[in-house]
Amino acid sequence: MDDNRTTNRALLRHVLLPTLFLTAALLGGVRVEASSRAILFVAPPLVALVLALMLLSLFARARLVEFGRWLSAENGAVENVSHALTLLALFFASAQAFNSVLPEAGLPRWMFSAFFLWTLWQNQFSSFDVRRLLRSLAALFGTAFVVKHMLLASLYEPGGGWLKRLAGAALEGVTLGTLEGPAYANSTGYISFFTLALYACGLFLLPASPAAETVEDDGRAAQLARSLRLLPARERALVIEELSRGAEKEEERL
Amino acid sequence: MRQRLIQWLGIAWTILYAALVVWLYAAAPQSIAEVKTQASVAAGTYEVDRARFDAGRELFLREQYAAARAEWERADPARRDARTQFYVAYSFYRQGWGRVYSDDALFRQGLEAADRALALSADAPLSVEDPELKIHSAAELRAELEHGLERTADDFNPLKVFRERK
């Protein structure tokens, strides 16, 4: 039983996760041209690489990924190489996830890059809340996806989509030049959706640390104790009181 | 032991898959068919479709130049065959050649194809032995196309109308 678990965990870390992340990295830059249906491969722009780096640093800060344990002197050399490749795949998948939702050109691209940069930069220094970070990132990715693949795609459509007609009627005589961009087929949106789903799936499966479960549990307890020690005495007492109250309730129920 | 095997398998698989991703972005094939073509070029198994090439040559000899080029495009989709590119350049030359003046746009495309042919035969000079052609080397064809694009006083020579198409 334990042997199976260890094997499955190893397969997840060394094979499945790199596959998921590399597939996301592959599909993140794929676009399908509207007129010729030609497949285009768009390499990640510099801003996507910067955003990916900032996101990984936030993952490290939130302890969602403990880089020190993924690449540790305690691991074997081969294991470290494999882990490094997995983390590298995570980096490129992150960059391509940004690439797939960032608008291609003009004002929308500039705006969304600024929003992403602001959110990630702010979280590097402000008081940290993992849930808030994940919520704001999910909202930002979701909004960027909707804006790029639904609203802007309709604007860029060669025949003029519903939004273009609506904007044309509302802003008669005003140029839409700042919103111009390449026209892509609807399948580009589906590919982007699949990319984000794969990326989210990879993040969900990614363990914070590659250590085995028992070691991981011990580590977690030790880490909690370390965090408790860092709290001010009054807050520490409050936590301990709350925990013992919870334990008493549990005993009464039993 | 099994752990070690999985780690090695993971490393090999990740490197292979990452190489495929990088290759796709570098080669940028535009369709699934092009993926196959580019893969065969990378593997060194790429070959020109001989039947399509011959069909293109038949059209070329009947002066159906655009149709001939379409056949050669299908015969050599990766544009990796020097001989086919030579014929493509020749078709641009013959179509663009005029007794009074030449079509610069066609000659320019011909020049590009001749350059491709020359680049693909960098090891040895390309010479095509075809009795239906008057120019047999890619370098000569390139010079002819280049000459057609130049503006010289000779362009105003009325005797130019008696020159022969090669």
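In what pattern do the elements of chain A follow one another along the sequence? I read chain A from its start and found α-β-β-α-α-α-α-α-α-α-α-α.

**Entry 1: ground rules.** I reminded myself that this is a predicted model, where local features need pLDDT of at least 70, side-chain atom pairs count only at pLDDT 80 or more, and totals for chains, interfaces and linings use all residues. Residues are numbered from 1 along each chain as its sequence is written, while chains are lettered from A and ligands numbered from 1 in the order in which they are written.

**Entry 2: the two chains.** I counted 10 helices and 2 strands in chain A; helices (H or I, at least four residues) and strands (E, at least two) are DSSP runs, numbered from the N terminus. Chain B has 7 helices and 0 strands. Next I looked up burial: a residue is buried if 20 or more other C-beta atoms lie within 10 Å of its own, exposed if 12 or fewer, and partly exposed in between, with C-beta atoms placed from the backbone. By that rule, 28% of the 254 residues of chain A are buried, and for chain B the figure is 29% of 166 residues.

**Entry 3: confidence.** I checked pLDDT, the predictor's confidence in each residue, from 0 to 100. Chain A has a mean of 82, and 84% of its residues reach 70 or more. Among the elements of chain A, helix 4 has the highest mean (94) and helix 7 (residues 162-170) the lowest (62). A note to self: where pLDDT is low, the predicted coordinates should not be read in detail.

**Entry 4: the largest core.** Which residues touch the most other members of the largest nonpolar core? I found A:Phe21, A:Ala24, A:Ala25, A:Ala89, A:Ala93 and A:Phe98, out of 40 residues in that core. A nonpolar core here is a set of buried Ala, Val, Leu, Ile, Met, Phe, Trp, Tyr and Cys residues joined through C-beta atoms within 7 Å. Helix 4 of chain A gives the most to this core, with 9 residues. I then followed A:Ala25, leaving aside neighbours within four places in sequence, and its contacts (C-beta atoms, placed from the backbone, within 7 Å) are A:Ala89, A:Phe92, A:Ala93, A:Gln96 and B:Val21. A second, separate core has 26 residues, including B:Val88 and B:Leu106.

**Entry 5: where the chains meet.** The contact takes 21 residues from chain A and 20 from chain B. On the chain B side I sorted them into 12 nonpolar, 6 polar and 2 charged. Here Ala, Val, Leu, Ile, Met, Phe, Trp, Tyr, Cys and Pro count as nonpolar, Asp, Glu, Lys and Arg as charged, and the others, Gly among them, as polar.

**Entry 6: two helices of chain B.** In helix 4 (residues 65-75) of chain B, I noted buried residues, among them B:Tyr65, B:Arg69 and B:Trp72. Seen down the axis, the buried residues of this helix fall within an arc of 160° (taken from the directions from the helix axis to the C-beta atoms), so they line one face of the helix. They pack against helix 3 (50-61) and helix 5 of chain B. Why is helix 5 of chain B largely enclosed by the rest of the structure? I found that 13 of its 15 residues are buried, so the description fits.

**Entry 7: one last residue.** A:Ser154 lies in helix 6 of chain A. I find A:Ser154 partly exposed, with 16 other C-beta atoms within 10 Å.

Terms used: Contact = placed C-beta atoms within 7 Å.
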